[in-house]
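This briefing covers the fold, the overall dimensions, the surface and a few backbone details of one chain. The sequence and the structure come first.

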Amino acid sequence: AFYLALAVGSAVRHAFEIGKQAVVNAPSVPSGELEAATFLLLPPDAPHDAVVLPSLTPIDAWMPPPPPAAFLQHPLPAIPEAFLGRNVETYRVVSAILDRRLVSVTGVAGVGKSAIAVAAINYLAERHYFSDGVLYVDVADADSIPKLCQALA
C-alpha cells in the first residue's frame, strides 16, 4: 500500500500512514495495530511532505485489477456437518498449505481426506490468506495422469 500510494502521487508522510493502515487491517498480520505502531518514518525531523515520484501522472482513484477467474468461479464446498475431532489433522493441512501452497492429502478410502481438505481451505478462505482466493479441485475420480491433468485444467 505504501508504494502504491507513492506511485499514485501521494507525499511520503501520507503514503506512510496509508501503509500503516494497511498493516492494521491486514487479516494475515496478527496484532496489526501493535505491529503498525512499531513503524518509524525516518529521519523523524524531516518534513516528508514531498512527492517522490513527481514525473508520474497523479490519479484520482486507483482501481484494482479484476479478481482472477479462479476467485470468481465456484464457491468452496461446505464443511460436512458431522466434522468433529479433526482439528489436529486440519491444522497440519493448513500449516502445510501456508508452507508449500500445494498439498496432497492421501490415505485409504473413507478416512475423511476430502473433509479435512475442505475444512482447511474454508479456514484459509474465510481469513483471506491468499489474495487470489482459494480453489478446490476434486480429483477423486482421477485414476490416471490424463484424468488428473483434465481435472486440473
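Helices here are DSSP runs of type H or I with at least four residues, strands are E runs of at least two, and both are numbered from the N terminus. The model is a predicted one. On that basis the chain holds seven helices and zero strands, and its elements read α-α-α-α-α-α-α from the N terminus on.

**Overall dimensions**

- The radius of gyration of the chain is 22 Å, whereas a compact globule of 153 residues would have a value near 15 Å.
- The C-alpha trace spans about 65 × 35 × 25 Å along the principal axes of the chain.

**Burial, contacts and surface**

- Of the 153 residues in the chain, 20% are buried.
- Among contacts with a separation of 6 or more, 55% are between residues 24 or more positions apart.
- The exposed area of the chain is about 11,300 Å², and carbon and sulfur atoms supply 60% of this area.

**Charges**

- The chain carries 9 positive and 14 negative charges.
- The mean positions of the positive and the negative charges lie 9 Å apart.

**Cis peptide bond**

- Leu-42 and Pro-43 are joined by a cis peptide bond, with omega at about -10 degrees.
- Pro-43 is placed in the loop between α3 (32-37) and α4 (69-72).

**Positive phi at Ser-31**

- Ser-31 is a residue other than glycine with a positive phi, near 55 degrees.
- The loop between α2 (12-25) and α3 contains Ser-31.
- Ser-31 has a relative accessible area of 48% and therefore counts as partly exposed, because that class lies between the buried limit of under 20% and the exposed limit of over 50%.

**Positive phi at His-48**

- His-48 also has a positive phi near 55 degrees and is a residue other than glycine.
- The loop between α3 and α4 holds His-48, and Pro-43 is placed in the loop between these helices too.
- His-48 is buried, because its relative accessible area is 12% and the buried class covers values under 20%.

**Points to check in the view**

- In the loop between α3 and α4, the sites to locate include Pro-43 and His-48.
- In the loop between α2 and α3, the site to locate is Ser-31, with its phi near 55 degrees.

Technical notes:
Residues numbered from 1 in each chain as written. Predicted model: local features only at pLDDT ≥ 70, side-chain atom pairs only at ≥ 80, totals over all residues. Heavy atoms only, no water. Rg over C-alpha atoms; globule rule 2.2 N^0.38 Å. Buried < 20%, exposed > 50% of the residue type's maximum accessible area, 1.4 Å probe, protein only. Contact = heavy atoms within 4.5 Å. Areas by Shrake-Rupley, 256 points an atom, 1.4 Å probe, with all protein chains shown as cover. Lys, Arg positive; Asp, Glu negative; His and termini not counted. Charge placed at Lys NZ, Arg CZ, Asp CG, Glu CD.
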